[in-house]
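User: I am new to this structure and would like to be taken through it step by step. Please start with one helix and what surrounds it, and then widen the view.

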Amino acid sequence: MKVIFDLIECRNFLQQLREQGERIAFVPTMGNLHQGHLSLVAKAKTLADRVVVSIIVNPLQFGPNEDFSTYPRTMKEDIEKLENMAVDLVFSPSEEVLFPYGRDAQTRVTVPFITSELCGASRPDFFCGIATAVTKYFNLIQPDITVFGQKDFQQCLVIKQLILDFNFPIEFVMEPTVRESDGLAMSSRNQYLNAQERAIATELYQRLQYIVQALKQLSPEENFPQQAHSLCQDARFKLEKLGFAVDYLTVRHQQTLSLPSVNDSPSDCLVLGADMLGKTRLIDNVVITG
Ligand code: AMP
């Protein structure tokens, strides 16, 4: 497994692979790898001849009061995990290499509409930071396929739109959320939770699941958007009673993230939630399948 920190070296290495006709799959990460990340790598391996994983704590996607400086960085362990999975290339440039003119001078990429709500509403720089960094990675790596996690559902739609708008010849693949045994979605940020918080952290997922089950059982005569709204209000109230500060908890259309209309069926939609539990931001979602 190659570990490359330099842009030109990365480009040259991948150019050689491409000349040999090899298909390249790319999994972008911020490191501190867990089974969620590794499931994306495993999927990538089934889809391409070579797999590239980036490890970059992207400063552009953190707000001024967020956890950029304390975000867990575990490069040595990450490299071991990826080596065990026989990944071909780990690309991990420093901030200076990636943003040679400084992060504030970096040209930005903005994906409109889909970024204005949900996580975008409470984290105004977040999706622009992600879209900008991912555009850079796509240009450098020029993968045939990229694999992202459903846990960050809104991010998946943003990247899909970015691929369409910039005509990147890249196939987008979304993989299901990997969970702890109690249902909590795996996340590098879960380690910020103290023991009390960790014990109740799964409640977000439990509430989302409850809403999904209730919506699946609606009869066609019932008003789906209204029921969705009241189930979400109820879940929000229950979570707040437990000490969660709910950012959003809402049923949205799977393609557009718009609120459902009476013509939508529950199986077109998903339930998304984000909250703060103490200092930790938790996000999750469950798709409503037919
Ligand atoms: P991150 O390192 O948090 O930026 O995540 C890198 C990629 O891993 C993104 O595509 C995430 O959606 C994905 N990911 C993070 N957590 C999980 C999880 N629990 N299950 C599946 N994919 C995940």
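User: Which residues of helix H2 are buried?

Analyst: This is a predicted model, and a residue is called buried here when its relative accessible area is under 20%. By that cut-off, the buried residues of H2 are Gly36, His37, Leu38, Ser39, Leu40, Val41 and Ala44.

User: What covers the buried residues of H2?

Analyst: The cover comes from both strands and a helix, and it includes helix H3 (75-84). Among the strands that take part are E2 (24-29), E3 (50-55), E5 (145-149) and E6 (171-175).

User: How far does H2 reach from its first C-alpha to its last?

Analyst: Helix H2 runs over residues 35-47 and so has 13 residues. At 1.5 Å a residue, a span of 18 Å is expected, and the helix comes close to that, reaching 18 Å.

User: Is Ala42 buried, partly exposed or exposed?

Analyst: Ala42 is found in helix H2, but it is not listed among the buried residues of that helix. Its relative accessible area is 36%, which lies between the cut-offs of 20% and 50%. Ala42 is therefore partly exposed.

User: How far apart in space are Ala42 and Ala86?

Analyst: Along the sequence, Ala42 and Ala86 are separated by 44 residues. In space, taken from C-alpha to C-alpha, the distance between Ala42 and Ala86 is 9.9 Å.

User: Which residues does Thr280 touch, leaving aside those up to four places away in sequence?

Analyst: Thr280 is found in strand E9, which covers residues 280-287. Because its relative accessibility is 1%, Thr280 counts as buried. Leaving aside residues up to four places away in sequence, Thr280 touches Arg189, Tyr192, Leu193 and Asp275.

User: Widening the view, what share of contacts between residues at least 6 apart in sequence joins residues at least 24 apart?

Analyst: The chain as a whole has 10 helices and nine strands, and 54% of its 290 residues count as buried. Among contacts between residues at least 6 apart in sequence, the share that joins residues at least 24 apart is 72%.

User: What is the radius of gyration of the chain, and why does it agree with a compact globule?

Analyst: Along its principal axes, the C-alpha trace spans about 60 × 40 × 40 Å. A compact globule of 290 residues would have a radius of gyration near 19 Å, so the chain agrees with that expectation, its own value being 20 Å.

User: How far apart do the centres of the positive and negative side chains lie?

Analyst: The chain carries 27 positive and 35 negative side chains, and each set has a centre of its own. The distance between these two centres is 2 Å.

Key
Residues are numbered from 1 along each chain as its sequence is written. This is a predicted model: local features need pLDDT of at least 70, side-chain atom pairs count only at pLDDT 80 or more; totals for chains, interfaces and linings use all residues. Side-chain values use heavy atoms; hydrogens and water are left out. Helices (H or I, at least four residues) and strands (E, at least two) are DSSP runs, numbered from the N terminus. The radius of gyration is taken over C-alpha atoms; the globule rule is 2.2 Å times the number of residues to the power 0.38. Buried means under 20% relative accessible area, exposed over 50%, partly exposed in between (1.4 Å probe, protein chains only). Contact means heavy atoms within 4.5 Å. Lys and Arg count as positive and Asp and Glu as negative; His and the chain ends are not counted. The place of a charge is taken as NZ of Lys, CZ of Arg, CG of Asp or CD of Glu.
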